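Visitor: I am new to this one. Could you walk me through it, one question at a time?

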Amino acid sequence: METGTGVTRALLEAKKHKIHALNMSYGEAAGVSNTGLFMDLANELVREHGVILVGSAGNNGPAMSTTGSPGGTTDGYISVGAYWSPRMAELQYSSLSGADRKEGEALPGLEEGRNYTWSSVGPRPAGDRGVYVMAPGGANTSLPLWTQQRSMLMNGTSMSSPTACGCIALILSGCIAEGIAFTPCRVRRAIEHSAKKLPKVHPLAQGHGLLQVSDAFAYLKSQ
């Protein structure tokens, strides 16, 4: 998997090029939260250089306190859990077939969508929520040529995290276009206050809820 040297270089490059948002779709188990050279560098990047860090929460659910490091254990990260929508169930997994069910009609209990069963759940060992927000966790994605296939249906918080980062990039694009000041803290607060709560998903599994791009941008404009 990743190495400490490799991911540290990634953060240094983010600082060098003054990027706005960075996704990291990886994670490993950690017994101690928010500790270590890399975590210190990540928090510095957010607090002193204004980079928004987005990371996958982990695929070790549904047990509690299963979020991985660094995404689900480091203060500076927006940790993302994996969401499964009714439309994803229909198109990606053929879950809605049957003569007694109309096209587009959700399975019982999936009307509002929910988390994938394996998506990691908070809280993290230090007591924080562990999962900050949710985003769709499945994708038809391109693959390296050596796999001898062009694409594959994949799922994981490694898919939900870049989705969330892309949503944040849309929010930032709107802010830049309209001259709205933003910081990582302001963006996090906007996401927090605009996320959609899912009624059948535990708070420790969904964090603040499902990320809403338009509502988060509207919240930033109103402040």
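**A guided tour**

Guide: Start with one loop residue: P123 sits in the loop between β4 and β5. Keep in mind that this is a predicted model.

Visitor: Is the peptide bond from G122 to P123 cis or trans?
Guide: Most peptide bonds are trans. The bond from G122 to P123 has an omega near -5°. That makes the bond cis.

Visitor: Which residues does another cis peptide bond join, and what is its omega?
Guide: Look in the loop between β2 and β3, where P62 is found. The cis bond there joins G61 and P62, and its omega is about 10°.

Visitor: Which residue in the loop between β2 and β3 has a positive phi although it is not a glycine?
Guide: Most residues other than glycine have a negative phi. The residue in question has a relative accessible area of 41%, so it is partly exposed. Its phi is about 55°. The residue is S65.

Visitor: Is K18 buried or exposed?
Guide: K18 lies in the loop between α1 and β1. Its phi is positive, about 55°, and it is not a glycine. The cut-off for exposed is over 50%. K18 has 71% relative accessibility, so it counts as exposed.

Visitor: How do α1 and α2 lie relative to each other, roughly parallel or roughly antiparallel?
Guide: Two packed helices are described by the angle and the distance between their axes. Here the axes of α1 (residues 4-16) and α2 (residues 37-49) come within 10 Å and cross at roughly 10°. Angles under 35 degrees count as roughly parallel. Therefore α1 and α2 are roughly parallel.

Visitor: Which residues of α2 make the contact with α1?
Guide: The crossing of these two helices, α1 and α2, is left-handed. From α1, the contact uses V7, T8, L11, L12, A14 and K15. From α2, it uses F38, L41, A42, E44, L45 and H49.

Visitor: Against which elements do the buried residues of α2 pack?
Guide: First, the residues themselves: F38, M39, L41, A42, N43, L45 and V46 are the buried ones in α2. They pack against α1, β1 (21-24), β2, β3 and α5.

Visitor: What span should the 13 residues of α2 have?
Guide: The end C-alpha atoms of α2 are 17 Å apart. Just after the helix, G50 takes a positive phi of about 70°. At 1.5 Å a residue, α2 should span 18 Å, which agrees with its end-to-end distance.

Visitor: How far does α4 reach from its first C-alpha to its last?
Guide: Helix α4 has 22 residues. Just after it, G179 takes a positive phi of about 70°. At 1.5 Å a residue, the expected span of α4 is 32 Å, and the helix comes close to that: it reaches 32 Å.

Visitor: What is the relative accessible area of S160?
Guide: S160 is in helix α4. Away from its sequence neighbours within four places, it is in contact with V80, G81, A82, A135, P136 and G137. The cut-off for buried is under 20%. S160 is buried, because its relative accessible area is 0%.

Visitor: Which helix gives the largest share of the largest nonpolar core?
Guide: That core has 22 residues, and I52, V54, I78, V133, I168, I191 and L211 are those with the most contacts inside it. At least two core residues each come from β2 (52-56), β3 (77-84), β5 (133-136), α4 (157-178), α5 (184-194) and α7 (213-222). The largest share, seven residues, comes from α4.

Visitor: Which residues does I191 touch?
Guide: I191 is among the residues with the most contacts inside the largest core. Leave aside its neighbours within four places in sequence. Its contacts are then I78, Y132, V133, I168, L211 and A216.

Visitor: How far apart in space are G113 and P199?
Guide: G113 lies in the loop between α3 (86-93) and β4 (114-115). It is buried, since its relative accessible area is 3%. Beyond four places in sequence, G113 touches Y83, W84, S85, P86, L198 and V201. G113 and P199 are 86 residues apart in sequence, but C-alpha to C-alpha the distance is 9.2 Å.

Terms used. Residues are numbered from 1 along each chain as its sequence is written. This is a predicted model: local features need pLDDT of at least 70, side-chain atom pairs count only at pLDDT 80 or more; totals for chains, interfaces and linings use all residues. Side-chain values use heavy atoms; hydrogens and water are left out. A nonpolar core is a set of buried Ala, Val, Leu, Ile, Met, Phe, Trp, Tyr and Cys residues joined through side-chain atoms within 4.5 Å. Buried means under 20% relative accessible area, exposed over 50%, partly exposed in between (1.4 Å probe, protein chains only). Helices (H or I, at least four residues) and strands (E, at least two) are DSSP runs, numbered from the N terminus. Contact means heavy atoms within 4.5 Å. The expected span of a helix is 1.5 Å times one less than its number of residues. Axes are lines fitted to C-alpha atoms, for helices over the stretch in contact, and angles run from 0 to 180 degrees between N-to-C directions. Angles under 35 degrees count as roughly parallel, over 145 as roughly antiparallel, 65 to 115 as roughly perpendicular and the rest as oblique. A crossing is left-handed if the near helix is turned anticlockwise from the far one by less than a right angle, and right-handed if clockwise.
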